[in-house]
Amino acid sequence: MAAKPRVERILSNNIETLQSWSEIRTRLETLMETDEERNFRKNLAKGYGIGSPLHKVRLYNESNKEEDIRVTFYRDSASWCPYCMKVWLMLEEKQIPYRVEKINMRCYGDKPASFFKIQPGGQIPVAIIDGRVYGQSNDIMYALEEQFTPQQGYKSLSGRPEQQSQARDLLRLERELFSGWMIWLTGGGARSKRDFIEVLERVEKSLSKTGPFFLGESVSLVDFMYASFLERMAASLLYFKGFFIRVPPGEQTDYPAVNKWFDAMEELPSYQLSKSDYYTHCWDLPPQLGGCTYEAGCEPYEKAINGERSLDGTQGSWELPLQPHNGGVEPDWTWTAVDEAMAKREAVERVTGNHEAIVRFACRGAGKKGIPPVSAPLSDPNAVPNQVVEFAVDSCMRIVCRALLEGTTAQQECMSTIAQTIVAEGGDNFASGVIDSLAYVRDRIGVPRDMKLPAARQLRAHLNWAIKIITDAKQ
């Protein structure tokens, strides 16, 4: 315990070198280049602008008033739930104003008693539309389809019998695809792989006839029914089975129409808002499904997705400089129109906007595991942070943010000085606690909950930069 005051005292003497959080925030604001960046927090509070998982109310623009909202949307807190994603997509694509109530999934936390009064079984999503409770994702989506006017570019099925019939056939196919994926992912074996591929080939054939969306040139309810699970299939089957569906631009694929569909979906702001990354999916799916099975040949992809090793074996896949498309594993989000500097600024914005809570959260890595535990390994709501390392972790997080804004070269000496202080004054166990804390928050950066993938990749890699410097100081 004596390490805490010694380390704090010495690091506090370097406070000018460290810069305060408010100074880092001011520096960030001087570097912002777009109205979207500059107005993010203001728009978040009002429900305006580009969608964010942090929105608690969604109005889109000043033409909508909060008192006119007809929909309250109950979705999961971590943005993991595929059924919530379907509804979320539809609300955003049709630009339906709504309020958000976030509810834990069973695998990572408890639900409030008030929610069980609305949904006795506890399932999410739930929507209250004009006072009526809808407790299944499909029911919610059909209600939104019928009761709200579509925006331009959205293909409504309402009043179109021929397309309704086509949609029913495609949705039966989606259920076959889902079933085949579940059987292969949670069981395995040559037969289940063969059965899944057979259905995927029928999906490919269907899209090749219409394209880029399932009903032609415009997105529809059918695409939203497919979206959340096709996205999770692309991530999980590569991680657990070594099977590619989605490929980086220019790569050969057996599923070109499916890839064109992904390309088209990624042009939609609604999908850009709700899309997750492979890492988040591959860690959140097993606790939801009761486990997934690995097959031979998946290990290189598992390591690359987890940040351990790039496919070519030359570096860690969460190590600077970052390889394009994570070394060929996961396509970069080029559709975001975000350059590297803007991605770094997004990461700093999210950290500086909630730095006290983030530092305390990180210190769980050096603390005690929660009792009772939950089944999701990336979640531990009852964990107890180690306050002894808090100031040191806070100092490291400030340097990481400065490195994101100014470059690692500019902050190398400062980070090295902090690392040497942590080791010399705190000792090996204290330094290990700081490393564990930085790794804890690195591994729990959620996409899209916390930030988009380009920003998450930068923050994960810069945390690894700091971890390496402390590790080297220990040695």
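Student: Before we look at the sheet, when do two strands count as paired?
Tutor: Happy to start there, and keep in mind that this is a predicted model. Two strands pair if DSSP finds a minimum number of bridges between them, and that minimum is at least two.

Student: In which sense do β2 and β4 pair?
Tutor: There are 4 bridges between β2 and β4. One of the residues involved is Val71, whose bridge partner in β4 is Ile129. The sense of the β2 and β4 pairing is antiparallel.

Student: How do β2 and β3 run, parallel or antiparallel?
Tutor: Strand β2 covers residues 71–76 and strand β3 covers residues 98–103, with 6 bridges joining them. Val71 takes part here too, with Tyr98 as its bridge partner in β3. The two strands run parallel.

Student: What is the strand order of the open sheet?
Tutor: The sheet has 5 strands, and its pairing is mixed. Its edge strands, each pairing on one side only, are β1 (57–58) and β5 (132–134). Read across, the order is β1-β3-β2-β4-β5.

Student: Which residue in the hairpin of β4 and β5 takes a positive phi?
Tutor: β4 and β5 run antiparallel and are joined by 3 bridges; in β5, Tyr134 is the bridge partner of Ala127. The hairpin has 2 residues between its strands. The residue with a positive phi, near 50°, is Asp130.

Student: At about what angle to β2 does helix α6 run?
Tutor: Helix α6 (residues 82–93) lies across β1, β2 and β3. Its angle to β2 is about 145°.

Student: And what angle does the direction of helix α8 make with that of β4?
Tutor: Helix α8 (residues 137–147) packs on the sheet, where it touches β2, β4 (126–129) and β5. The angle between its direction and that of β4 is about 30°.

Student: Which helix gives the largest share of the largest nonpolar core?
Tutor: This core holds 93 residues, and Leu144, Trp181, Phe196, Tyr226 and Trp261 touch the most other members. Phe196, for example, touches residues including Trp181, Trp184, Met233 and Leu237. The largest share, 15 residues, comes from helix α11 (residues 221–241).

Student: How far apart are the end C-alpha atoms of helix α21, and why does that agree with its length?
Tutor: Helix α21 (residues 453–474) has 22 residues, so at 1.5 Å a residue it should span 32 Å. Of those residues, 17 are buried, so the helix is largely enclosed by the rest of the structure. The distance between the end C-alpha atoms agrees with the expected span, at 31 Å.

Notes. Residues numbered from 1 in each chain as written. Predicted model: local features only at pLDDT ≥ 70, side-chain atom pairs only at ≥ 80, totals over all residues. Heavy atoms only, no water. Core = buried A, V, L, I, M, F, W, Y, C linked by side-chain atoms within 4.5 Å. Buried < 20%, exposed > 50% of the residue type's maximum accessible area, 1.4 Å probe, protein only. Contact = heavy atoms within 4.5 Å. Axes fitted to C-alpha atoms, helices over the stretch in contact; angles between N-to-C directions. Expected span 1.5 Å × (residues − 1). Lists of a residue's contacts leave out its neighbours within four places in sequence.
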